Amino acid sequence: MEPVAQPNKPGHRGIKRLGYATLFSWRGFVAAWRNEAAFRQIISWLVFAIGIAIFMDLSLIQRLMLVGSVLLVLMAELLNSAVEAIVDKTSPELHPLAGRAKDMGSAAVLVAMTIAAMVWVGVFLG
């Protein structure tokens, strides 16, 4: 990807800054889609959750909980992928702190997945 102006530069305020921020976010999604199998799997899970939320006889709150819990997992995976990318860039050799950072990012994804599982079980069994 080619470099793009940063959103906090002088003159980048209001709508222009929002436009740049949206562009950078989109680039993040594209990079995750291209480089992260886990991201693509979670997107599949998200599509499934949206389908369930649309076609099942659920309350609005239940629908939001199902989709929101999967979005939480997606957010955790994006952050984990960002941590892994920066660790790989700054510390290509094996280092205990690099390993710890990657393991903690992975643990965050596991926590988000546990929350999502609890929400799904709660919605369908509660």
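Angles under 35 degrees count as roughly parallel, over 145 as roughly antiparallel, 65 to 115 as roughly perpendicular and the rest as oblique. Keep that scale at hand for the exercises below. This is a predicted model, in which local features need pLDDT of at least 70 and side-chain atom pairs count only at pLDDT 80 or more, while totals for chains, interfaces and linings use all residues. Residues are numbered from 1 along each chain as its sequence is written, and side-chain values use heavy atoms, with hydrogens and water left out.

**Exercise 1. Find how H2 and H3 are oriented relative to each other.**

Step 1. Helices are DSSP runs (H or I, at least four residues), numbered from the N terminus. Two packed helices are described by the angle between their axes and the distance between the axes. Axes are lines fitted to C-alpha atoms, for helices over the stretch in contact, and angles run from 0 to 180 degrees between N-to-C directions.

Step 2. For H2 and H3 the angle is about 170° and the axes lie 9 Å apart.

Step 3. The two helices are therefore roughly antiparallel. Residues making the contact (heavy atoms within 4.5 Å) include Ile42, Leu46 and Ala49 of H2 and Leu66, Val70 and Leu74 of H3.

**Exercise 2. Check the length of H3 against its expected span.**

Step 1. The expected span is 1.5 Å times one less than the number of residues.

Step 2. H3 has 31 residues and should span 45 Å; the C-alpha atoms at its ends are 45 Å apart, so the two agree.

**Exercise 3. Work out which helices the buried side of H3 meets, and follow Leu66 and Asn80.**

Step 1. Buried means under 20% relative accessible area, exposed over 50%, and partly exposed in between (1.4 Å probe, protein chains only). Among the buried residues of H3 are Leu66, Val70, Glu77 and Asn80, and the buried residues of this helix pack against H2 and H4.

Step 2. A nonpolar core is a set of buried Ala, Val, Leu, Ile, Met, Phe, Trp, Tyr and Cys residues joined through side-chain atoms within 4.5 Å. The largest one has 20 residues, of which Leu66, Val70 and Trp120 touch the most other members. Helices H2 (37-55), H3 (60-90) and H4 (96-125) each supply at least two residues of this core.

Step 3. Beyond its neighbours within four places in sequence, Leu66 is in contact with residues including Ala49, Ile52 and Trp120.

Step 4. Asn80 has a relative accessible area of 6%, so it is buried. Leaving aside neighbours within four places in sequence, Asn80 is in contact with Lys102, Gly105, Ser106 and Val109.

**Exercise 4. Classify two of the aromatic pairs.**

Step 1. Rings of Phe, Tyr and Trp (its six-membered ring) pair if their centres lie within 6.5 Å; planes under 30 degrees apart count as stacked, over 60 as edge-to-face and the rest as tilted. The structure holds four such pairs.

Step 2. Tyr20 and Phe24 are stacked, at 6.2 Å centre to centre with 25° between the planes. These residues sit four apart in helix H1 (residues 15-35), so about one helical turn separates them.

Step 3. Phe48 and Trp120 have ring centres 6.1 Å apart and planes at 15°, so this pair is stacked too. Phe48 lies in H2 and Trp120 in H4, so the pair ties together parts 72 residues apart in sequence.

Step 4. Phe48 is partly exposed at 47% relative accessibility, whereas Trp120 is buried at 13%. Ring pairs link Phe48, Trp120 and Phe124 into a cluster.
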